[in-house]
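Please open the model in your viewer, set it to a cartoon display, and keep the selection tool at hand. The stops below are meant to be taken in order.

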Amino acid sequence: LESQPGIRQDIRVRWLPDGILRRGLARTVLLYYTGMTRIAKDILQEVVRGVFLNAAGPLGVIGEIGGNAAATADALQRQDWAGLVAGIRRSWDLNRRLDAGTDPEPVRHLLRQVDDYLAAAKLLGAGGGGYLLMVAKDEEAAARLRRRLTENPPNGRARFVDACISDGGLQVTRS
């Protein structure tokens with residue numbers, strides 16, 4: 001790696017404590033399959049084009065995404081819940097700045113329905129749909145959010161998915 005231009009040399013592997021995530025998953029963090037999927041290539045086509053053209057906009061946002069990842073990892077390391085939630089919120093904002101296609105109207109509509117209950121939310125992956133990570137403001141808000149989307153799903157495929165931290169390493173499952 002040292003001989004590769006543009007490769008960061010200060011990358012470190014760090015252990016991140018999982019206690020804060022376990023507590024969050026048990027209380028206020030919800031994983032929701034929206035039933036709305038899109039193909040990542042459609043979303044990322046313009047981003048990749050901008051990177052290849054060395055465009056300052058996308059490259060600057062990608063740099064900010066890296067900085068936010070480091071700040072969020074630091075929040076996890078310190079077991080700082082507010083910092084973790086802020087990192088998730090900022091990650092979603094940066095994704096939308098990188099490509100507006102990552103924020104489709106059906107997802108915005110879904111989030112508007114539960115916005116009063118949310119501390120942060122973020123679509124996962126690069127497809128602009130599919131799985132939505134939601135962090136409720138508190139346990140009561142999480143229960144209301146779950147009830148609201150269970151009673152009024154955006155489509156017939158949408159559902160909550162149980163999430164947990166594995167103690168046994170990588171396990172591939174199908175939901």
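A residue is called buried when its relative accessible area is under 20%, and exposed when that area is over 50%. Keep in mind throughout that what you are looking at is a predicted model.

Begin by selecting helix α6, residues 139-151. At 1.5 Å a residue, its 13 residues should span 18 Å, and because the end C-alpha atoms are 18 Å apart, the model agrees with that expectation.

Within α6, now show the side chains of Ala-141, Ala-142, Leu-145 and Leu-149, which are the buried residues of this helix. They cover an arc of only 100° around the axis, and therefore they lie on the same side of α6. Turn to the other side of α6, and you will find Glu-139, Glu-140, Thr-150 and Glu-151, which are exposed.

What do the buried residues of α6 pack against? Select α1 (19-27), β1 (29-33), α5 (105-114), β2 (118-123), β3 (131-136) and β4 (159-161), since these are the elements that they pack against.

Next, select Asp-138, which caps the N-terminal end of α6 with a side-chain oxygen that lies 3.1 Å from the backbone nitrogen of Glu-140.

Finish at strand β3, which is mostly covered, with 5 of its 6 residues buried. β3 pairs with β1 in the antiparallel sense over 5 bridges, and here you can select Leu-31 together with Leu-133, its bridge partner in β3. β3 also pairs with β2, again in the antiparallel sense and over 5 bridges, where Val-135 in β3 is the bridge partner of Ala-120.

Conventions:
Residues are numbered from 1 along each chain as its sequence is written. This is a predicted model: local features need pLDDT of at least 70, side-chain atom pairs count only at pLDDT 80 or more; totals for chains, interfaces and linings use all residues. Side-chain values use heavy atoms; hydrogens and water are left out. Helices (H or I, at least four residues) and strands (E, at least two) are DSSP runs, numbered from the N terminus. The expected span of a helix is 1.5 Å times one less than its number of residues. Buried means under 20% relative accessible area, exposed over 50%, partly exposed in between (1.4 Å probe, protein chains only). The arc is that of the directions from the helix axis to the C-beta atoms. Contact means heavy atoms within 4.5 Å. A polar contact is a pair of N or O atoms within 3.5 Å; within protein, one must be able to donate a hydrogen and the other to accept it, and residues adjacent in sequence count only if both atoms are side-chain atoms. Two strands pair if DSSP finds at least two bridges between them.
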